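The following exercises ask the reader to work from the coordinates to a reasoned statement. Each task is followed by a solution in steps.

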Number of protein chains: 2
Amino acid sequence: MNKNLLISNRGSVIPASPIRKLIPCADEAKSRGIEVYHLNIGQPDIQTPSYFWRAIQGYGEKVLAYGPSNGLLALRKAIATYYNSFGAKNITAANVSITTGGSEAILFVYIILADKGDEFLIPDPCYANYISLAAIAEVKLVPILTKVEGGFHLPEEEEIEKLITPKTKGIIICTPNNPTGTIYSKDEMMRVARIAEKHNIYLISDEVYREFLFDGRKHTSVFNLPGADEYKIVIDSVSKRFSACGARIGCVVSTNEDVLKGVMRCSMSRLCPPTIEQVGMVELYGRMDDIIPEMMKEYELRRNVVYEEIQKIPGAFATLPEGAFYMTCRLPVEDAEKFTQWMLTDFSVDGKTTMIAPGEGFYVTPGRGRNEARIAYVLKEKELRDAMRILREGIKKYQEENK
Amino acid sequence: MNKNLLISNRGSVIPASPIRKLIPCADEAKSRGIEVYHLNIGQPDIQTPSYFWRAIQGYGEKVLAYGPSNGLLALRKAIATYYNSFGAKNITAANVSITTGGSEAILFVYIILADKGDEFLIPDPCYANYISLAAIAEVKLVPILTKVEGGFHLPEEEEIEKLITPKTKGIIICTPNNPTGTIYSKDEMMRVARIAEKHNIYLISDEVYREFLFDGRKHTSVFNLPGADEYKIVIDSVSKRFSACGARIGCVVSTNEDVLKGVMRCSMSRLCPPTIEQVGMVELYGRMDDIIPEMMKEYELRRNVVYEEIQKIPGAFATLPEGAFYMTCRLPVEDAEKFTQWMLTDFSVDGKTTMIAPGEGFYVTPGRGRNEARIAYVLKEKELRDAMRILREGIKKYQEENK
C-alpha cells in the first residue's frame, strides 16, 4: 500500500472498546468448542418484554419511512410522562430528543457543548464509551479520582472544584454508575450541581440505570435537584431498562432551548433514529410497573451472588455494588487484560471459560485500573456462580503459572 | 437563562437540513387541513418489500441483543456477494462495515480520514448532509463547480486537480447523484480516480442510488475502475434501494486495512447498528432480481413525468435527470427558500400544496443555488402531476405577488 495514504490522527487514537476488543479471542475459543460465559458486556439474558415484540409485529405500515429527526412524537410523549412520574418538573415531548442509542446522545452532547480541546469532568473510572466518543469529538475528559476502597464515591466538593478550568464545559455523572455500580447520594449529586451552577457549566447526568437500585436505595435524578434546570442535561437509553440493547434507542432530555436546537441540528444530519423500535418502546414506557419490579428483584439476587463469589477469590477486592448491574473489582493479577486474554486462549474448566472486561480501558487516567476488571452480572444465578467459580479457578492457575 | 451557559462554536454552525427545516411550516399547513405533497424529501411511497416484513416478523430471538459492532455476519456476507455481482474484485464480509444509515458511514469516513480543517473535494451542489456532517466533523468541503446547464457533470481533470492542497484527504463522488440525478460517466469516474491515485488521497464513492439508472445507462462503481483498491471507499445504504429509509442501515466498504480498523474503532464507540433491521436486510439482498427491475421502471416513468411537468413552468430550467430520483432545477424566483415557505404558509389549490427542497442548502459555495430547488419524484404519477401542477400555479401566483 502506498505509504502516503494515511488515516487521520484522531482516527488513530480512538481506543478500541475494553468490552469488545477481546471478542476475537472469545470467538476463537468458541471455535475450539469452548463455552464462554460473557460477563464482559452489559448484555442481559433477561427477555425483552413481550409487549415490545407484539408492538413491532403489529406494525401496520407498508413503507418503513423516515421518522422525525428528534423521534416519534408518541415516544417523546411517553418518555416525558415517565420523567414527570419521578419528580421532574414539566418535561414535555419538546424537551425529549430521541437518539440512536445512548451512545449517540453522548456524542451529540459533546459536539453541542464543546469545541476541540474543551473539557468535561467525569468520575474515573467511567463508562468506556465516554472515552472513545471523547476521542471522536476531540474533547478532553478530566478525571475525578474515585477508588475501589471508597466504593467509587465522589471526593469532597473542593477536590472536584479545583479541577475546573476556563475550558470546562460540564460535569458528567452516571448514576447508578457503569462500570462501578455506585449510586451517588443526594448529597453527592448536590455537590456536583452546586459546582455546575456556580461555574455556569452543564451537568450531564447519564441515568440509563435509573431503576437499577438495591437495598431499598433511592435514585437522585438531576431533575430532582433544586435550582435552575437550564444547565441540566439527561442522557438516557432503553437498552438496559427494557433489556433491548439491540434496539438502539436513547434520548437527550433538556429544558435548555439552545441545547435542544443544537441537538436537533445534529439529529437532522443523520435524518432519524430507527423507526420500528421506537414504536415498540412506546408500549414499554406505558407498562413499566409490569416490567421493572420483577427485573430488579432478579438483578439484586445476582448482585448478591456476584459479591458473594468475588469474596471467595483470595486477593480480590470489591465493595457491595449499590445499583446498575456491574461490579468493578481489584483482581490479584498484575495486568487484567493479559489475564482476560489468557482465560480465553489458554484456560477452560469442563469446556467452559469466563470473559470479563479489563479495567484499564474504563479509566481516563493512564495506568490506572490495570489490576481491575468490570464484571457484568447479566446471567442467571446458576450460570453466574459457575462463571465466577471458573474465574476463581482461572486466577489460581494464572497465579501459579506467573509466579 | 444564564448568559454564560453557552453551546459550542461547532454546535452553533451545523446547518439545519434544507430538506427538513421547513417541516414545521408543513405541519402547520396540515393542521389547517391542507394536504402537502412532499417532494422535498427522498422518502418514496414504494412499499418496503414484503420479504423484509416477513423476516422481521419471523425474528425468533427473545432478547433484542447487541450485535457485532461492524454488523451481523450474515448481512456483511450478503452485501459482499452483492458487490462482487457487479464486478468488484474479491470483496468479503471483512471488507464491509455496517453503519446506522449511510449518514453514519459519512461521519465515520470524515473522522477516520481527516483531522479538523482537512479538506475533501466534492461536486457542488451535493447531498446536504455531507455539509452538516462536515460541520460536525469540522472538515472543510472544497466545491467542484457543476452547473444546471451542464447537467451537473464534472469539469475537466485540470480544473478539479487545481483544487488539491496539502490538506486534501479525499474526493467525494455520489453517483447517481443526490441532489442532481446526474450519473457520472466512466470517463468522469476515471478522471477523479486518476487524481486520487496521483495525489495519494482517498476516493469516496457514495453509491446509494446504484440501481437507479435511466435510459439504459450503466453505473460505474469505483470498484469497477482499474488501479489499486486501497484508496477507494464506498458509502452505501439500504434506504433507497429497498425503500426502507427508516431502517437506518448503511455500510462502509473498503479493502484498506487501516480504514477498516478505524471504522471498527468508531463502530465500537456506539456499540452496534440496530439488530432487527439487519435481519430483514439479509433477505432483501438475496432477492434483488425480484425487487429492483420493477421499482426502476416505476422511477423512470416518474422521472419522465417530472421532467415533462417542469418544462411547463415558464422560466424554470432543468436537464433530463439520468438516475437517482431527484431533479435539481432552476426556478423563476429570486429566493427558493422564501418561495417554498410561502407555498406552505400562503398558498394552496383545492386544499393542497407542494413542498420542495430549496437549493441553497445543497451548495457548499455561499450564495449559490438560491433560485434552485431539489424535487424528489417519490410519488405516483397522478399525485406527482398534481403536485407539479400546484407548483406551477404557485410560481405563477408568487411571481404576480412579488412583481
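Arg248(B) belongs to the loop that joins strand 7 (232–237) to strand 8 (250–254) of chain B. The model is a predicted one, and the exercises begin with this residue.

**Exercise 1. Determine the sign of phi at Arg248(B) and decide whether the residue is buried or exposed.**

Step 1. Phi of Arg248(B) lies near 60°, which is a positive value in a residue other than glycine.

Step 2. Around Arg248(B) there are 31 other C-beta atoms within 10 Å. The threshold for a buried residue is 20 or more, so Arg248(B) is buried.

**Exercise 2. Carry out the analysis for Ser243(A), stating its phi and its burial.**

Step 1. Ser243(A) is located in the loop between strand 7 (232–237) and strand 8 of chain A.

Step 2. Its phi is positive, about 45°, although Ser243(A) is not a glycine.

Step 3. With 25 other C-beta atoms within 10 Å, Ser243(A) is buried.

**Exercise 3. Identify where the peptide bonds preceding Pro125(A) and Pro176(A) lie, and give their omega values.**

Step 1. The bond from Asp124(A) to Pro125(A) is cis, and its omega is near 10°. Pro125(A) sits in the loop between strand 3 (119–124) and helix 6 (128–137) of chain A.

Step 2. The bond from Thr175(A) to Pro176(A) is cis, with omega near -10°. Pro176(A) occupies the loop between strand 5 (168–174) and helix 8 (186–199) of chain A.

**Exercise 4. Assess whether the dimensions of chain A agree with those of a compact globule.**

Step 1. Chain A contains 13 helices and 12 strands.

Step 2. For 403 residues a compact globule would have a radius of gyration near 22 Å; the value for chain A is 21 Å, and the two therefore agree.

Step 3. The C-alpha trace of chain A spans about 60 × 60 × 55 Å along its principal axes.

Step 4. Of the 403 residues of chain A, 59% count as buried. Among contacts in chain A with a separation of 6 or more, 75% are between residues 24 or more positions apart.

**Exercise 5. Describe the span and the packing of helix 11 of chain A.**

Step 1. Helix 11 (residues 288–310) of chain A comprises 23 residues; from first C-alpha to last it reaches 32 Å, close to the 33 Å expected at 1.5 Å a residue.

Step 2. An α-helix has 3.6 residues a turn, so residues three or four places apart point the same way.

Step 3. The buried residues of helix 11 of chain A include Ile291(A), Met295(A), Tyr299(A), Arg302(A) and Val306(A).

Step 4. The buried residues of this helix pack against helix 10 (275–285), strand 9 (326–330), strand 12 (372–376) and helix 13 (381–401) of chain A.

**Exercise 6. Establish the strand order of the open three-stranded sheet in chain A, and examine strand 2 of chain A.**

Step 1. The open sheet of three strands in chain A has the order 9-12-11, with antiparallel pairing. Its edge strands are strand 9 and strand 11 (357–358) of chain A, each of which pairs on one side only.

Step 2. Strand 11 and strand 12 of chain A are joined in the antiparallel sense by two bridges, and Pro358(A) stands opposite Ala373(A) in strand 12 of chain A.

Step 3. Strand 2 (residues 96–99) of chain A is covered on both faces: Val96(A) and Ile98(A) on one side, Ser97(A) and Thr99(A) on the other, are all buried.

Step 4. Strand 2 of chain A runs antiparallel to strand 8 (residues 250–254) of chain A, with four bridges between them; Ser97(A) stands opposite Val252(A).

**Exercise 7. Deduce the symmetry that relates the two chains and characterise the surface through which they meet.**

Step 1. A turn of 180° with a shift of 0.0 Å along the axis lays chain B on chain A with an RMSD of 0.0 Å. This is therefore the relation of a two-fold axis.

Step 2. Of the residues of chain B, Gln57(B) comes closest to the rotation axis, its C-alpha being at 2.8 Å.

Step 3. In the interface, 64 residues of chain B are in contact with 64 residues of chain A. Helix 9 of chain B gives the most to the side of chain B that touches chain A, with seven residues. The residues of that side divide into 28 nonpolar, 23 polar and 13 charged.

Step 4. Since 100% of the interface residues of chain B are also interface residues in chain A, the copies meet through the same surface.

Definitions and conventions
Residues are numbered from 1 along each chain as its sequence is written. Chains are lettered from A and ligands numbered from 1 in the order in which they are written. This is a predicted model: local features need pLDDT of at least 70, side-chain atom pairs count only at pLDDT 80 or more; totals for chains, interfaces and linings use all residues. The expected span of a helix is 1.5 Å times one less than its number of residues. A residue is buried if 20 or more other C-beta atoms lie within 10 Å of its own, exposed if 12 or fewer, and partly exposed in between; C-beta atoms are placed from the backbone. Two residues are in contact if their C-beta atoms, placed from the backbone, lie within 7 Å. Ala, Val, Leu, Ile, Met, Phe, Trp, Tyr, Cys and Pro count as nonpolar, Asp, Glu, Lys and Arg as charged, and the others, Gly among them, as polar. The radius of gyration is taken over C-alpha atoms; the globule rule is 2.2 Å times the number of residues to the power 0.38. Two strands pair if DSSP finds at least two bridges between them. Copies are superposed by least squares on the C-alpha atoms of residues with pLDDT of at least 70 in both.
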